[in-house]
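Colleague: I've got this model open and I'd like a close look at a single part of it. Could you walk me through one sheet, then show me how the rest of the chain sits around that part?

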Amino acid sequence: MIAWHENKFAPKPGTILCKPTEIENGAAREFRFGGDSPFAFRMFVYNDAGNFRGFHNSCPHFDIPMNHTPEELFTPDGEYFQCVTHYAKFDKSSGICVYGPCEGKSLQRIPLTMEANNLKIGTA
Ligand code: FES
C-alpha cells in the first residue's frame, strides 16, 4: 500500500474541503478527487465533537473503498468505522482496525488544517 499522498489524484496541501459546519457532529463526509476515474482518490472527514479527522477511504485489507453510501462508513451502533466488504471495524479516533481480517492495521490519516473557516488538506 502506498502512502495516501502518493496517489495520482490525492489532493495537495491547502485544498479546500468544506466549511466545518457542513459536517454534523458525529457524522462523516466523503470527498472524491479525480472525477469518474477508476483511480479517483476517496477520503472522508469525521467530526468528533469539533475535532475533525481525515482518513483515506481505503481498507487496509484489500486497498478498496470501505463503503457504498456515507451511512455505511459506520457500524449500525455508530461505535466504529466499518468496511462493508468483510466487515472490519476501525477505531474512530485512530483508524486502527480492532476487528476483522486486517486487525492491527490502520486507515491512513490525512492531515487537516482550518484556515479562514475552511477545512483544508494539511501537509503530509
Ligand atoms: S476489504 Fe475491507 S475488510 Fe476486506
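Which strands form the open sheet with E10, in what order do they come, and is the pairing parallel or antiparallel?

Modeller: Sure. Keep in mind that this is a predicted model. The open sheet has 3 strands, ordered E1-E10-E9, and the pairing is antiparallel. The edges belong to strand E1 (16–18) and strand E9 (112–115); each has a single partner strand, so one side of each has no neighbour in the sheet. On average, neighbouring strands here are turned by 40 degrees against each other, if you ignore direction.

Take the E1 side to begin with. E1 pairs with strand E10 (residues 118–121) over 2 bridges, in the antiparallel sense. If you want a spot to click on, go to Ile16, whose bridge partner in E10 is Lys120.

On the other side, E9 and E10 are joined in the antiparallel sense over 4 bridges. Here Glu115 has Asn118 of E10 as its bridge partner. The hairpin of E9 and E10 has 2 residues between the strands, and Ala116 in that hairpin takes a positive phi near 50 degrees. Asn117 sits in the loop between E9 and E10 as well, and its phi is positive too, near 60 degrees, in a residue other than glycine. As background, most residues other than glycine have a negative phi. Asn117 counts as exposed because it has 8 C-beta neighbours inside 10 Å, where the cut-off for exposed is 12 or fewer.

Now for a second hairpin to hold next to that one. E3 (residues 41–48) and strand E4 (residues 51–56) run antiparallel, with 6 bridges joining them. Tyr46 has Arg53 as its bridge partner in E4. This hairpin of E3 and E4 has 2 residues between the strands, and Ala49 takes a positive phi near 55 degrees there. E3 has another antiparallel partner in strand E2 (residues 28–33), and 6 bridges join E2 to E3. On that side, Arg29 stands opposite Val45 in E3.

One more backbone spot deserves a visit while you're checking phi values. Tyr87 has a positive phi of about 65 degrees, although it is not a glycine. You'll find Tyr87 in the loop between strand E5 (81–82) and strand E6 (89–90). With 11 C-beta neighbours inside 10 Å, Tyr87 counts as exposed.

What links E10 back to E3 is the core. The largest nonpolar core has 22 residues, and those with the most contacts inside it are Phe44, Val45 and Leu73. E3 and E10 are the elements that give two or more residues to this core. Of the elements, E3 gives the most, with 5 residues. So the central strand of your sheet, E10 in the order E1-E10-E9, is also one of the contributors here. In general, nonpolar side chains tend to be buried together in soluble globular proteins.

Phe44 is a good place to park the view. Leaving out residues up to four places away in sequence, Phe44 touches Ala28, Arg29, Glu30, Phe31, Phe55, Asn57 and Leu73. Two of those names come back at Pro70: setting aside neighbours within four places in sequence, Pro70 is in contact with Ala28 and Glu30. Pro70 itself lies in the loop between E4 and E5 and is exposed, with 12 other C-beta atoms within 10 Å. Pro70 and Ala27 are 43 residues apart in sequence, yet their C-alpha atoms are 8.9 Å apart in space.

Zooming out, the chain has 0 helices and 10 strands, so to speak a run of β-β-β-β-β-β-β-β-β-β along the sequence. A compact globule of 124 residues would have a radius of gyration near 14 Å, and the chain agrees with that at 14 Å. Along the principal axes, the C-alpha atoms fill a box of roughly 40 × 30 × 25 Å. Buried residues make up 26% of the 124. Of the contacts with a separation of 6 or more, 42% are between residues 24 or more positions apart.

Technical notes. Residues numbered from 1 in each chain as written. Predicted model: local features only at pLDDT ≥ 70, side-chain atom pairs only at ≥ 80, totals over all residues. Pairing = 2+ DSSP bridges. Axes fitted to C-alpha atoms, helices over the stretch in contact; angles between N-to-C directions. Buried ≥ 20, exposed ≤ 12 C-beta atoms within 10 Å, placed from the backbone. Core = buried A, V, L, I, M, F, W, Y, C linked by C-beta atoms within 7 Å. Contact = placed C-beta atoms within 7 Å. Rg over C-alpha atoms; globule rule 2.2 N^0.38 Å.
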